[in-house]
Each structure stands twice: as C-alpha cells, then as structure tokens.
Amino acid sequence: MTGEIIIAPSILAADFARLGEEIAAIDAAGADWIHCDIMDGHFVPNISFGADIVKAIRPATKKIFDVHLMIAPVDPYLEAFAKAGADVITIHAEAGPHLDRSLQAIRALGKKAGVSLCPSTSESALEYVLDRVDLVLVMTVNPGFGGQSFLASQLEKIARIRSMIGERPIRLEVDGGITRDNAAAVAAAGADTLVAGSAVFRGNSSADYAANIAAIRSAAEAGAARKLDDGSAPPVRTAERMLLR
C-alpha cells in the first residue's frame, strides 16, 4: 500500500445546478480528492462535461483534482485539461494506440499520470507502462453512467495489480459502485484510493456528506488493516457474490 486511504468523491453525482456549492460541501466534509469524470459520448455512451467546466470549478477548492478522461482520442485534449487545473490526469488503456506516448505527454505537462482499465481489460495492459504512471484506476463498473452496481469480479484484478505494483509509489484507485458495504473488500484487495459518487452525495448537506465519507473511509481502513494483519481479504457480501454468477 502507498499510504493512507484516499476518498475521492465523484462530482458526476453532484447537483450540477449547484456544482460550486457541492464541491465546497464535500471539501468541508472531508473529501481528500475531487474526482472529475469526463465522458465524450463516443468512448463511453454518455456526455458529462469538459475542460471549461473543470476550469470554472477549480477555484471552489484547493483539493487535488483527479480528472478521469473517458474520451477517445485523448491526446488532443490533454493540454486543455492540464491548463484547466487537473492535478492527476487518468486516461484509458483502451482509448488509443500509443499508451506510453500519451502517459509521457501527461507528465511533460507537469501532471501526475494515471491509466484506467475497463472491467474486461486484463491487467497485462499495464505491464510495460507501470514505470510511467503515478496511479492505476480499476473500473468496477462499465464506464459511462453513475449509480451502477459494483462488479465483484474485479476484486481479483485489483489484487493482481497490487502485486504488479510492488514497491512502486503508485496509487491504486477503484471507481464504480463503491459503498460502505464493499469498501472493506476493495481495500483488502489492495486499493488505497476509492472513488464514490452516489454513496457520498446522499443527503443534502455537508454533514450528510461527511457521514457518508467517514463511513466509506472507516470500512476501507478496516479492510486494509485486516489485509495487513493476516493477508486475507474480508468476505464479499452476498449481493456482491451474486454478481459473480
């Protein structure tokens, strides 16, 4: 593990009519990073927002902007998101033919570089780029929409990627259907950075968001501690096991 558990609420689940206020609320509620899901309606079947929105909301918080680009082609847009205020730029291994070149381009812009894998993509796609990345993002839903159910089949992939990372200072992030009910299993598998949308933005106040973030963090920390204690992952809950059938 690279260190403490990071909780990165996805603003895709926020009230877009009050986006600046929502970001300020999760900042006050204890969010570590702000996760920005960028969708193009081409690589994924949905459209969210672009670099101009990232630029507009950047003054709302000093927290790290964790920008997840679900777009293809991606290279033409890297500079725009870097200038808009992204701190971490994550691209998909499936989104272009020259992953190594794209990761080099992100780092040349002075940003942390991440690579994401869709559920059906093998971790072998990371083998020759691990030394180019600061973060690996495992999708635990099929990308494109918020509010989907967690795919427990990805727990084994998370564990295999944790082994691949070894002692490298690389964050292992998960995104998709994360709740207080599965956060322990995800952290025990080796993840240290959890993206949560719907599970954070339940309620209508910073106090509600704080309780939600605290519950996810507590579960994840318990899972990580159990892994460190005996090397085993917590059991996957029944609802998650059903997803494996």
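This report describes the sheet, three of the helices, one loop residue and the internal cavity of a predicted model.

## Basis of the description

The model is predicted, and local features are reported where pLDDT is at least 70, side-chain atom pairs at pLDDT 80 or more, while totals for chains, interfaces and linings use all residues. Residues are numbered from 1 along each chain as its sequence is written, and side-chain values use heavy atoms, with hydrogens and water left out.

## The sheet

Eight strands (DSSP runs of E, at least two residues, numbered from the N terminus) make up an open sheet with parallel pairing, in the order β1-β8-β7-β6-β5-β4-β3-β2; two strands count as paired if DSSP finds at least two bridges between them. The edges are taken by β1 (6–9) and β2 (33–39), each of which has a single partner strand, so one side of each is left without a neighbour in the sheet. From one strand to the next the twist averages 25 degrees, where axes are lines fitted to C-alpha atoms, for helices over the stretch in contact, and angles run from 0 to 180 degrees between N-to-C directions.

At one edge, β1 pairs in the parallel sense with β8 (residues 193–196) over four bridges, and A8 has V195 of β8 as its bridge partner. Both faces of β1 are covered, with I6 and A8 buried on one side and I7 and P9 buried on the other; buried means under 20% relative accessible area, exposed over 50% and partly exposed in between, with a 1.4 Å probe and protein chains only. In a regular strand the side chains alternate between the two faces of the sheet.

Elsewhere in the sheet, β5 and β6 (residues 135–139) pair in the parallel sense over four bridges, and V115 stands opposite V136 in β6. Helix α5 (residues 154–165) packs on the sheet, touching β5, β6 and β7 (171–175), and its direction makes about 165 degrees with that of β6; contact here means heavy atoms within 4.5 Å.

## Helices α1 and α4

Helices are DSSP runs of H or I with at least four residues. In α1 (residues 19–28), the residues L19, E22, I23, A25 and I26 are buried. Viewed down the axis of α1, these buried residues fall within an arc of 160 degrees, so they line one face of the helix; the arc is that of the directions from the helix axis to the C-beta atoms. The face turned away from the buried side of α1 carries the exposed residues E21 and A28, and just after α1, G30 takes a positive phi of about 110 degrees.

In α4 (residues 99–108), L99, S102, L103 and I106 are buried. Down the axis of α4 the buried residues fall within an arc of 100 degrees, so they line one face of the helix. Their cover includes α3 (78–84), β4 (88–92) and β5 (112–117), whereas the face of α4 turned away from the buried side carries the exposed residues R101 and A108. Just after α4, G110 takes a positive phi of about 85 degrees.

## Cavity and the loop at P73

The count comes to one cavity of 30 Å³ or more. A cavity is a set of points on a 1 Å grid over the protein atoms alone where a 1.4 Å probe fits but cannot get out, with lining residues having an atom within 4 Å of a point; grid points are joined across faces, edges and corners, and the volume is the space filled by probe spheres set on the points. The largest cavity holds about 40 Å³ of space, and its lining consists of V74, I91, H92, A93, G96, H98, L99 and S102. The elements that give two or more residues to this lining are β4 and α4.

P73 lies in the loop between β3 (64–70) and α3, and at 53% relative accessibility P73 counts as exposed. P73 and G96 are 23 residues apart in sequence, and their C-alpha atoms are 6.2 Å apart in space.

Terms used:
1 Å grid on protein atoms, 1.4 Å probe; cavity = no way out; pocket = protein on both sides within 12 Å on 5 of 7 lines; lining within 4 Å.
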